[in-house]
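Good morning, colleagues. I should like to use these few minutes to discuss the ligand and its surroundings, and then to turn to the empty space inside the protein. Please look at the structure as I proceed.

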Amino acid sequence: MELTDKVALITGAASGIGHAVAARYARAGARIVIADLDEKAADAAARELAGDRGMGLRMDVTHEDEVNLGVAAAVDRFGTIDVLVSNAGIQIVHPIEDFGLAEWKKMLAIHLDGAFLTTRACIPHMYRQGSGAIVYMGSVHSHEASPLKAAYVTAKHGLLGLARTIAKEGGRRGVRANVICPGFVRTPLVDRQIPEQAASLGISEDEVVKRVMLGETVDGEFTTVEDVAEIALLFAAFPSSALTGQSLIVSHGWHMD
Ligand code: NAD
C-alpha cells in the first residue's frame with residue numbers, strides 16, 4: 001500500500017505509536033505533519049523521518065485555536081490534508097472513587113475533544129478534494145474494560161461512536177473513518193503505568209506485565225509500534241469506501257470480536 005505524495009497529519013507523533021505511524025507513512029511516500037505538545041521533539045522527528053517532506057508543529061489537541069492554526073499552517077505548507085491520524089493520548093489510572101473530576105475531564109479532553117477538534121479542522125480540506133482518511137487511535141479498551149481505567153475506557157469507547165458518525169457523514173464525500181484498537185504496546189505511556197498499577201493493585205511490576213497486561217494474549221507478547229503502524233497504513237491507503245466505520249483490534253488475541 002502506498003501514500004505517494006499524500007499529506008498526513010499525525011497528532012502525538014513525537015513519541016511512541018504516533019512516531020512509528022509517521023515513519024511508516026513517510027516510507028510509503030507521504031509528506032508528514034507531526035503535531036505534538038512537544039514542539040522540539042515534533043520538529044526533530046519530522047526532520048529525521050522526512051527531511052523537507054516533513055513538518056513539526058506545536059499543537060495541544062485540546063486547544064481549539066492551536067488545532068485550527070496548526071492545521072491551517074500544514075495546509076499552507078503542503079496544500080491539503082489527505083490523512084488525519086488522531087493519536088495523541090495519555091493515561092491516568094485510579095479506582096473510580098479516587099478519580100478527581102479534573103483528571104477525568106483532562107482524559108476526556110485529550111482523547112475526545114482532541115479527536116473532535118482535529119477532525120473538524122481537517123475534514124473541510126478532505127471534502128474540498130472529495131477524498132480523505134481519518135484514523136482514530138482507539139484501544140482494546142474501545143471494546144473491553146479494565147479496573148482503574150474508567151476515563152480511558154469511556155473515552156476509547158467514545159471514539160467508536162465518533163468514527164462511525166464521521167463514516168456516515170463523510171461517505172458520499174469520499175471520506176473514510178476507522179479506529180485502530182491496539183493491545184499493550186511498550187511505549188512511555190505503558191512504561192509509566194507499570195509501577196502505578198503495581199502500587200494500586202498491590203502486586204509486583206512483573207505481575208502487572210505478565211498477568212494484567214499480557215495474561216489474556218495468546219502468546220504473552222506485547223503488540224509493537226510497527227504492528228500498529230501497518231494497520232494505520234491499511235486504513236489510510238485503502239482504495240475505496242468499502243473499509244469505513246470499522247475498528248480493528250491488534251492485540252495478540254487479548255480481545256477477539
Ligand atoms: P506516548 O506517551 O509514547 O505518546 C503520546 C504522545 O502524545 C506524546 O508525544 C505526547 O507529547 C503527545 N500528547 C500528549 N498530550 C497531548 C496533547 N494534549 N496534544 C498533543 N499531543 C499530546 O504514548 P503512546 O503509547 O504512543 O500512545 C499513543 C496513542 O495510542 C494514545 O491515544 C494511546 O491511548 C493509544 N494506545 C496506546 C497503547 C499502548 O499500549 N501504548 C495501547 C492502545 C492504545
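Around the ligand there are 30 residues, and the closest are Ser-15, Asp-36, Tyr-152, Val-185 and Thr-187. Please bear in mind that this is a predicted model.

By type, this shell comprises 16 nonpolar residues, ten polar ones and four charged ones.

Let me take the polar contacts in turn. The side chain of Asp-36 places an N or O atom 2.6 Å from an oxygen atom of the ligand. At Val-185, a polar backbone atom is 2.7 Å from an oxygen atom of the ligand. Met-59 also takes part through its backbone, where an N or O atom lies 3.3 Å from a nitrogen atom of the ligand.

How much of the ligand does the protein bury? The ligand taken alone exposes 830 Å², and 93% of that is buried by the protein.

As to location, the ligand occupies the largest pocket. Four elements each give two or more residues to the shell around the ligand: α1 (16-27), α4 (101-129), α5 (150-170) and α6 (188-201). The largest share comes from α6, with four residues.

I turn now to the enclosed space. The count comes to one cavity of 30 Å³ or more. The largest cavity has a volume of about 40 Å³. Which residues line the largest cavity? They are Ser-86, Asn-87, Ala-88, His-111, Met-137, Lys-156 and Leu-159. This lining divides into three nonpolar residues, three polar and one charged.

Thank you for your attention.

How values were computed:
Residues are numbered from 1 along each chain as its sequence is written. This is a predicted model: local features need pLDDT of at least 70, side-chain atom pairs count only at pLDDT 80 or more; totals for chains, interfaces and linings use all residues. Side-chain values use heavy atoms; hydrogens and water are left out. A residue is near a molecule or strand if one of its heavy atoms lies within 4 Å of it. A polar contact is a pair of N or O atoms within 3.5 Å; within protein, one must be able to donate a hydrogen and the other to accept it, and residues adjacent in sequence count only if both atoms are side-chain atoms. Accessible areas come from the Shrake-Rupley method with a 1.4 Å probe; for residues, only the protein chains shown count as cover. On a 1 Å grid over the protein atoms alone, a cavity is a set of points where a 1.4 Å probe fits but cannot get out, and a pocket is an open set with protein on both sides within 12 Å along at least five of seven lines; lining residues have an atom within 4 Å of a point. A molecule sits in a cavity or pocket if more than half of its atoms lie within 2 Å of its grid points. Ala, Val, Leu, Ile, Met, Phe, Trp, Tyr, Cys and Pro count as nonpolar, Asp, Glu, Lys and Arg as charged, and the others, Gly among them, as polar. Grid points are joined across faces, edges and corners, and a volume is the space filled by probe spheres set on the points.
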